[in-house]
Amino acid sequence: MLPASSGSPPIRSTASKSMSNVFDIYTIIFLALAVFIFLRLRSVLGQRTGRERPPYDPYSVRRSAGDKVVAMPGRAGDAPAPTETVRPVEATESGASADHWKGIAQPGSALASGLDAIVGDDRSFDPKHFIAGARAAYEMIVIAYAEGDRRTLKNLLSREVFDGFDAVIKERESRGETAESRFVSIDATDITGAELRGRTAQITVRFVSHLVSVTRDRSGNVVDGNPDKVTDVTDIWTFARDLSSRDPNWKLVATEAGH
């Protein structure tokens, strides 16, 4: 009995070794597969081919929007892009507004507010271009008035102002008088007021000039002024334009003598 029982343990030991060898083989196979898969993934995902998309830049969208805002004011009169639904206030109402009217109006003044209102309704408005145009119009109107050039005046004056100028010209013509005006210089052209009334913009300009003016009768005798004297003249004129109109021209709507 004893020999039989004493042989049992060797049988169990052999079985255990066989099972252990089986597990070792599977472990090696699984490790080999894992290493193979890792190397394959690394070969595909770990290398750059030159076609990769660049890393995401969270500021790129804001830079794009900013570029549109900056570019928009440069395209005066252009309609906003269909995707642009918010008015880009940064360009006119933020830090840039402090010197937006530099040399024309003081920040926070009534004049600056009036210009802001006009530019808010008409993006194409440029005060420097306006001043240059007003200066040219001033000279043309003064010369046309002296020469009785109604055609030129009609294009530059409102109906009411034209009627007033025309009445004076008719009186002068009825007396047989002629007038002469010659600019020596225009020393200042300054915007003194601006406002938006509905869709009508009104801008008041102060002109300071040196002018030679004379009126002669039928015989050529001087009845007013002096052909040899330069006179200091200050005029305050108001120009207006309907911003809803396609006509880009401003017209003179009021005049007064300055001091």
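Arginine 199 counts as partly exposed because its relative accessibility is 38%, where buried means under 20% relative accessible area, exposed over 50% and partly exposed in between, for a 1.4 Å probe and protein chains only. The structure is a predicted model, in which local features need pLDDT of at least 70 and side-chain atom pairs count only at pLDDT 80 or more, whereas totals for chains, interfaces and linings use all residues. Residues are numbered from 1 along each chain as its sequence is written, and side-chain values use heavy atoms, with hydrogens and water left out.

Arginine 199 is located in the loop between strand 1 and strand 2; helices (H or I, at least four residues) and strands (E, at least two) are DSSP runs numbered from the N terminus. Beyond neighbours within four places in sequence, arginine 199 contacts Asp121, Arg241, Asp242, Leu243 and Ser244, a contact being heavy atoms within 4.5 Å. Leucine 243 is 44 residues from arginine 199 along the chain, yet the two C-alpha atoms are separated by 5.5 Å. With aspartate 121, the side chain of arginine 199 forms a side-chain polar contact of 2.9 Å. A polar contact is a pair of N or O atoms within 3.5 Å; within protein, one must be able to donate a hydrogen and the other to accept it, and residues adjacent in sequence count only if both atoms are side-chain atoms.

Aspartate 122 lies in the loop between helix 5 (110–121) and helix 6. Aspartate 122 is buried, with a relative accessible area of 13%, and touches Arg241 and Leu243 when residues up to four places away in sequence are not counted.

Helix 6 comprises 21 residues (127–147), for which a span of 30 Å is expected, in agreement with the 30 Å between its end C-alpha atoms; the expected span is 1.5 Å times one less than the number of residues. At the start of helix 6, a side-chain oxygen of aspartate 126 comes within 3.0 Å of the backbone nitrogen of lysine 128. Glycine 148, with a positive phi near 70°, follows the helix. Buried positions in helix 6 include Phe130, Ile131, Tyr138 and Ile141. The buried residues of this helix pack against helix 7 (150–156), helix 8 (159–174), strand 1 (178–197), strand 2 (200–216), strand 4 (231–242) and strand 5 (251–257).

Eleven aromatic pairs are found in the whole structure. Tryptophan 237 and phenylalanine 239 form a tilted pair, because their ring centres are 6.4 Å apart and their planes lie at 55°. Rings of Phe, Tyr and Trp (its six-membered ring) pair if their centres lie within 6.5 Å, with planes under 30 degrees apart counted as stacked, over 60 as edge-to-face and the rest as tilted. Both tryptophan 237 and phenylalanine 239 are buried. Ring pairs join these two residues with Phe125, Phe130, Tyr138, Phe183, Phe207 and Trp250 in a cluster. Threonine 238, in strand 4, is also buried, at 13% relative accessible area. Its contacts, apart from residues up to four places away in sequence, are Gln202, Ile203, Thr204, Lys251, Leu252, Val253 and Ala254.

The chain has a mean pLDDT of 74, and 63% of its residues reach 70 or more; pLDDT is the predictor's confidence in each residue, from 0 to 100. Residues 1–12 have pLDDT below 50 and zero contacts beyond near neighbours in sequence. Over residues 40–96 pLDDT stays under 50, and the model has 23 contacts beyond four places in sequence for this stretch.
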